[in-house]
Amino acid sequence: MVVCQWKRKDGVKPETWNFGLFYGGGRIYAIDSNALQRHKNIVGLGRPYFRKVVHGIHEHRWSEDGQGYAEPFTLESINGPAIWKAFVARASISDPGFVHPDKAINDGQQEFDI
């Protein structure tokens, strides 16, 4: 299952995007784009960022000791379409195309009532 999350820009807080690939209830691959976010790795024994804090955009990969291991990730453009393209390429998913969740940007896109 692929889960995509988007938060609008809110004042000084930037727009954020999270794209994740889940299998059996576990997040096995993801790209998170929150420029203000900090992520501390508590899994990933033996990997370069084990027990380190990663700031900003980062990529999550499955680790033998569980989900949640992340490393810094760099993209030239940090926007929904660019992150989606990187996500599907790195997760080996056929790209069905990007559809922005904001009706004002993509007329007719489904929206959930909150």
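Does Ser33 count as buried or exposed, and at what relative accessibility? At 3% relative accessibility, Ser33 counts as buried, the cut-offs being under 20% relative accessible area for buried, over 50% for exposed and partly exposed in between, with a 1.4 Å probe and protein chains only.

A word on the model comes before the rest. This is a predicted model, in which local features need pLDDT of at least 70 and side-chain atom pairs count only at pLDDT 80 or more, while totals for chains, interfaces and linings use all residues. Residues are numbered from 1 along each chain as its sequence is written, and side-chain values use heavy atoms, with hydrogens and water left out.

On to the overall layout. The protein has one helix and seven strands, taken as DSSP runs numbered from the N terminus (helices: H or I, at least four residues; strands: E, at least two). Read from the N terminus, the order is β-β-β-β-β-β-β-α. Of the 114 residues, 35% count as buried. The exposed area comes to about 7700 Å², with 52% of it supplied by carbon and sulfur atoms; areas come from the Shrake-Rupley method with a 1.4 Å probe, and for residues only the protein chains shown count as cover.

Back to Ser33, which sits in the loop between E3 and strand E4 (38–40). A polar atom of the Ser33 side chain lies 2.7 Å from the backbone nitrogen of Trp17. Neighbours within four places in sequence aside, Ser33 is in contact (heavy atoms within 4.5 Å) with Thr16, Trp17, Asn18, Ile57, Ile78 and Ile83.

Ile83 leads over to helix H1 (residues 80–90), where Gly80, Ile83, Trp84, Ala86, Phe87 and Val88 are buried. The buried residues of H1 pack against strands E1 (2–7), E2 (16–23) and E3 (26–32). At the start of H1, a side-chain oxygen of Asn79 comes to within 2.9 Å of the backbone nitrogen of Ala82. Just after the helix, Ser92 adopts a positive phi of about 55°.

Then there is the largest nonpolar core (buried Ala, Val, Leu, Ile, Met, Phe, Trp, Tyr and Cys residues joined through side-chain atoms within 4.5 Å). Among its 14 residues, Phe19, Tyr29, Ile31 and Phe87 touch the most other members. E2, E3 and H1 are the elements that give two or more residues to this core, and H1 gives the most, with five residues. Phe87, sequence neighbours within four places aside, is in contact with Val2, Phe19, Gly20, Leu21, Tyr29, Ala30, Ile31 and Ile93.

Methods
Polar contact = N/O pair within 3.5 Å; in protein donor to acceptor, adjacent residues only side chain to side chain.
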